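Q: Could you walk me through how to read a model like this one? I'd like the general idea each time, and then the case at hand.

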Amino acid sequence: MPAPVVLIAEQLSPATIAALGPDFEVVNVDGTDRDALRTALGTADAVLVRSATQLDAEAIGWGTRLKVIARAGVGLDNVDIKAATQAGVMVVNAPTSNIISAAELTVAHILGLARHLPRAHGSLSAGEWKRSAYTGTELYEKTIGIVGLGRIGALVAERLRGFGVDLIAYDPYVTAARAQQLGVQLVQLDELVERADFLTIHMPRTPETLGMIGAEQLRAMKRTAYVVNVARGGLIDEAALAAALSEGEIAGAALDVFMQEPPADASLTGLPNVNVTPHLGASTAEAQEKAGVSVAKSVRLALAGDLVPDAVNVAGGAIDEYVRPGLPLTEKLGQVFAGLADGAIASLDIEVRGELSEHKVEALRLAALKGVFSKVVSEPVSYVNAPLLAEQRNVEVRFGVEPVSESYRNVITLRGSLADGTQLSVAGTLTGPKQIEKIVAVNGYEVELPIPEHLVVFSYTDRPGIVATYGKLLGDAGVNIAGLQIARDEKGGTALSVVSVDAPVSEDVLEGLRSAIDAETLRAIDVDAL
């Protein structure tokens, strides 16, 4: 089997390539060249980018083999996440790679504003010596207002605490206990802008946060106050900020990010009381290496079929080692469930019982859906698009966890109904030191046999001679029986046979079998090796 192809569309650190390891064919392309990108994506299993390559819906459509898009950084403005999800492509980034670099740049900008460093440097470089013109201010005992107390905001708070400042923050999603732990007082945004000598914003850019620091907030600030934005362009209304700076409503600003990059004009960058940098928040050697290594590890996990902690368009996260063996088992149970169905699936309940209940098991829900829909739809199914496929087909999905399992240490059960009301179920477990994957129940009948590659499941009226009849029919067709389990509700009632066979069973043989034993239900099921 050829090695998976990993496409490197932008310059990444040597450590990134090393982190991928030797199991992949690495191909390099200039991601800004659309023609070259189209050709290269046609054979790629994964693509690694930074910010220059635009992976829009068109580009994602070129990647017919594409399984994962990895952005070596935090932002994903250049990736169409919705189109990737529709195509079953996992999107990963490196959300913590630049947090130290961004926090340090924030502190640098605050200090630069306080001591007028860029203007003092420019003056001296021009041959001037104007000490009094650049009299600054100490940070000591000043009030620093942090808008957004997430990972970067918290690091900024930790670093500024040593300057003896008064730290206040606005973040509706942070508890008072967490703020107290950081030495920060939580306040409302109106109070923060009124009190802050320096305001620094650390929020994601969403419709709700766009322009959240606008004309009203800037007018409420002290005339001696400064604002800093190293997070995302547009969080501070740029037109309102330019006006406030020009009219002396605030003393100055420091900006690393802009609504349009590079900025279309010098309405902000040309003002004398603004310090600007060209989006350098993640531009340290350490951050770039962390980002590349992080996404390289994610690509390895994704191409191995594992869930990825840093995937942004799939639920899951890190998989507990106790839960991990249950993923392929649950996916195979999903395939069996789909194989039992002879019509559209209306609902699916996924139930986890036993010691697994003590662990985070939400990933088993994704595994079940992936298994079911891999046998239902023609397009590739992944952990990413399986929930979307269920939603598109109006399949009602429920997930439950119970601590009690009567017969086995752990049991995973899939049960549901078809559009015509037919009820189906299959249950499985892992047994023994080798963690053998077994089916332990089908449609309410208790059985126990290892999950095979091919099986035939059928029900009929319990009576003598049935096993001999279907054994001969399968033997005459050259199909060897590898295992067999029979269960019944009562003597002379309905019996269920689950037969493991060494090869697929043709429709002709199935029809002969159905007629010979007068089968009530009969399904041949093929289970993919995982």
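A: Sure. Let's begin with burial: a residue is called buried when its relative accessible area is under 20%, exposed when that is over 50%, and partly exposed in between. Keep in mind that this is a predicted model.

Q: Then is His 109 buried or exposed, and why?

A: His 109 has a relative accessible area of 8%, so it is buried. It's found in helix H5. Setting aside residues up to four places away in sequence, His 109 touches Val 228, Val 230, Ala 254, Leu 255, Asp 256, Asn 275 and Thr 277.

Q: What about a charged residue, say Asp 45: buried or exposed?

A: Asp 45 comes out at 5% relative accessible area, so it counts as buried. Look for it in the loop between helix H2 (34–41) and strand S3 (46–49).

Q: Which side chain does the side chain of Asp 45 make a polar contact with?

A: That of Lys 67, at 2.8 Å. Lys 67 is also one of the residues Asp 45 touches beyond four places in sequence, along with Pro 4, Val 5, Arg 65, Leu 66, Val 68 and Leu 303.

Q: How do I read the empty space?

A: Rolling a probe the size of a water molecule over the atoms shows where empty space is left. Here the largest pocket holds about 1,300 Å³ of space. It is lined by 43 residues, and Val 74, Gly 75, Ala 231, Arg 232 and His 279 are the closest to its centre.

Q: Which helices supply at least two residues each of that lining?

A: Among those that do are helix H5 (99–115), helix H7 (151–161) and helix H12 (285–303). By character, the lining splits into 18 nonpolar, 17 polar and eight charged residues.

Q: And the nonpolar interior?

A: In soluble globular proteins, nonpolar side chains tend to be buried together. In this model the largest nonpolar core has 72 residues, and the ones touching the most other members are Met 90, Phe 373, Leu 414, Val 426, Ile 439 and Val 442. Helix H14 (residues 362–374) gives the largest share of this core, eight residues. There's also a second, separate core of 32 residues, with Val 147, Leu 192, Ala 240 and Val 274 among them.

Q: Which residues is Val 442 in contact with, leaving aside neighbours within four places in sequence?

A: Val 442 is in contact with Leu 340, Ser 425, Val 426, Val 447, Val 457, Leu 496 and Val 498.

Q: Ala 240 was in that second core. Which residues of its helix, H11, are buried?

A: In H11 (residues 238–246), the buried ones are Ala 240, Leu 241, Ala 242, Ala 244 and Leu 245. They pack against helix H10 (215–220), strand S10 (226–229), strand S11 (252–255) and strand S12 (274–276).

Q: What do I find at the ends of H11?

A: At the start, a side-chain oxygen of Asp 237 comes to within 3.1 Å of the backbone nitrogen of Ala 239. After H11 comes Gly 248, with a positive phi near 75 degrees.

Q: How should I read the backbone angles?

A: Most residues other than glycine have a negative phi, and most peptide bonds are trans. With that in mind, take His 116: it isn't a glycine, yet its phi is positive, about 55 degrees. His 116 sits in the loop between H5 and helix H6 (117–125), and its 12% relative accessibility makes it buried.

Q: Where is Gln 435, and is it buried or partly exposed?

A: Gln 435 lies in the loop between strand S16 (423–431) and strand S17 (436–442). Its relative accessible area is 38%, so it is partly exposed. Gln 435 is not a glycine either, and its phi is positive at about 55 degrees.

Q: What is the peptide bond from Glu 261 to Pro 262, cis or trans?

A: That bond is cis, with omega near -5 degrees. Pro 262 belongs to the loop between S11 and S12.

Q: One last case: how does Ile 144 read?

A: Ile 144 is in strand S6 (residues 143–147) and is buried, since its relative accessibility is 0%. Leaving aside neighbours within four places in sequence, its contacts are Leu 160, Val 165, Asp 166, Leu 167, Ile 168 and Phe 198.

Conventions. Residues are numbered from 1 along each chain as its sequence is written. This is a predicted model: local features need pLDDT of at least 70, side-chain atom pairs count only at pLDDT 80 or more; totals for chains, interfaces and linings use all residues. Side-chain values use heavy atoms; hydrogens and water are left out. On a 1 Å grid over the protein atoms alone, a cavity is a set of points where a 1.4 Å probe fits but cannot get out, and a pocket is an open set with protein on both sides within 12 Å along at least five of seven lines; lining residues have an atom within 4 Å of a point. Grid points are joined across faces, edges and corners, and a volume is the space filled by probe spheres set on the points. Helices (H or I, at least four residues) and strands (E, at least two) are DSSP runs, numbered from the N terminus. Ala, Val, Leu, Ile, Met, Phe, Trp, Tyr, Cys and Pro count as nonpolar, Asp, Glu, Lys and Arg as charged, and the others, Gly among them, as polar. Buried means under 20% relative accessible area, exposed over 50%, partly exposed in between (1.4 Å probe, protein chains only). A polar contact is a pair of N or O atoms within 3.5 Å; within protein, one must be able to donate a hydrogen and the other to accept it, and residues adjacent in sequence count only if both atoms are side-chain atoms. Contact means heavy atoms within 4.5 Å. A nonpolar core is a set of buried Ala, Val, Leu, Ile, Met, Phe, Trp, Tyr and Cys residues joined through side-chain atoms within 4.5 Å.
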